[in-house]
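Welcome, and please take a moment with the sequence and the fold before reading on. The report below walks through the sheet, the core and a few individual residues.

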Amino acid sequence: MPALAPVPPMAEVTIALHELVPHAYRHYFNGRPDRPYYSSRRYDFGASPLLLPLVRAFLDTCAAEHSTDYRYLFTLMGSELASNAIKHSRSGLPGRDYRLVCERQRDGLRLTCRDDGIANDPTTSVHDRRYLTPDPGGLDPDTDAGRGLAMIDALATDWGDNGRPGHRNVWFFLAYDLKDSAWPDLNR
């Protein structure tokens, strides 16, 4: 087999993020409630943290027909799941990706982040489950780590994961009335 020639460095350019989105999916990112009657939206995002503004546009558009507080909270928590996928899983490696799936339910939105998980742990069988738990001190303003899941635990109506470190699905549900979320109490 012949050796592959190395790819020469490419020039850096600035490009509008919407240019990276296929035309048929651009309505997922427009921030308008012009198509509120979807049941599910899915989009795969690349590994770069430079794409997080595109993630936020997707999340904000999924919640576009709801109150400003709801949109903000849904976008904040969804951005946290995306950031965790990039930072803590193989989805953050070059050439990898993660998927956000928003499901519209009768009483709220459910967002699932499906990432490539961590490298296989030889001490764990594929049948063993290791569920994520929030850091008990994660909401302390002086902490340097563990804020993400602690925030989701406090602000989401419900949340969880599939317990599979090799291919993680983390989800949260946010009720339209923000029931069981600490958000209304924080804004008094």
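Val101 has Thr112 in strand 3 as its bridge partner. This pair belongs to an antiparallel arrangement in which seven bridges join strand 2 to strand 3, residues 108-114. The two strands form a hairpin, with two residues between them. Please keep in mind that the model is predicted.

**The sheet**

Strand 2, residues 97-105, also pairs with strand 1, residues 40-46; this pairing is antiparallel too and runs over seven bridges. Within it, Tyr43 stands opposite Leu100 of strand 2. Further along, strand 4 and strand 5 run antiparallel and are joined by four bridges. Here Trp159 has Phe172 of strand 5 as its bridge partner.

Put together, these strands make an open sheet of five, ordered 1-2-3-5-4 with antiparallel pairing. Strand 1 and strand 4 (158-161) are the edge strands, each pairing on one side only. From one strand to the next, the twist averages 15°. Helix 1 packs on this sheet, where it touches strand 1, strand 2 and strand 3. The direction of helix 1 makes about 175° with that of strand 1.

**The core**

Which residues have the most contacts inside the largest nonpolar core? They are Phe45, Phe58, Phe74, Tyr98, Leu100 and Phe172, in a core of 38 residues. Two or more residues come from each of strand 1, helix 1 (52-62), helix 2 (68-88), strand 2, strand 3, helix 3 and strand 5. Helix 2 gives the largest share of this core, eight residues. As background, nonpolar side chains in soluble globular proteins tend to be buried together.

Phe74 shows how these elements meet. Leaving aside neighbours within four places in sequence, Phe74 is in contact with Leu59, Cys62, Ala63, Cys102, Leu109, Leu111, Phe172 and Leu174. Two residues of that list, Phe74's contacts Cys62 and Cys102, deserve a look of their own.

**Two cysteines without a bond**

Cys62 is buried, with a relative accessible area of 1%, and Cys102 is buried as well, at 0% relative accessibility. What is the distance from the sulfur of Cys62 to the nearest cysteine sulfur? That sulfur belongs to Cys102 and is 3.9 Å away, and Cys62 is in no disulfide. Seen from the other side, Cys102 is in no disulfide either, and its nearest cysteine sulfur is that of Cys62. The cut-off for a disulfide is 2.5 Å between sulfur atoms, so the 3.9 Å separation does not qualify. The count of disulfides in the model comes to zero.

**Thr61 in helix 1**

Thr61 is found in helix 1 and is buried, with a relative accessible area of 4%. Its side chain has polar partners: a polar atom of the Thr61 side chain lies 2.8 Å from the backbone oxygen of Ala57, and the side chain reaches the backbone nitrogen of Asn30 at 3.4 Å. Not counting residues up to four places away in sequence, Thr61 touches His27, Tyr28, Phe29, Asn30, Gly31, Arg32 and Arg41.

**Helix 3 and the loops around it**

In helix 3 (147-155), the buried residues are Gly148, Leu149, Ala150, Met151, Ile152 and Leu155. What covers them includes helix 2, strand 4, strand 5 and helix 4.

Two loop residues make a pleasant contrast. Is Ser181 buried or exposed? Ser181 sits in the loop between strand 5 (169-175) and helix 4 (183-186), and counts as buried because its relative accessibility of 8% is under the 20% limit. Beyond its neighbours within four places in sequence, Ser181 is in contact with Leu73, Ala154, Leu155 and Ala156.

Asp142 lies in the loop between strand 3 and helix 3. Asp142 is exposed, because its relative accessible area of 69% is over 50%. Asp142 and Ser79 are 63 residues apart in sequence, and their C-alpha atoms are 21 Å apart in space.

The accessibility values for the individual residues are gathered here.

| Residue | Relative accessible area | State |
|---|---|---|
| Cys102 | 0% | buried |
| Cys62 | 1% | buried |
| Thr61 | 4% | buried |
| Ser181 | 8% | buried |
| Asp142 | 69% | exposed |

Definitions and conventions. Residues numbered from 1 in each chain as written. Predicted model: local features only at pLDDT ≥ 70, side-chain atom pairs only at ≥ 80, totals over all residues. Heavy atoms only, no water. Pairing = 2+ DSSP bridges. Buried < 20%, exposed > 50% of the residue type's maximum accessible area, 1.4 Å probe, protein only. Contact = heavy atoms within 4.5 Å. Core = buried A, V, L, I, M, F, W, Y, C linked by side-chain atoms within 4.5 Å. Axes fitted to C-alpha atoms, helices over the stretch in contact; angles between N-to-C directions. Polar contact = N/O pair within 3.5 Å; in protein donor to acceptor, adjacent residues only side chain to side chain.
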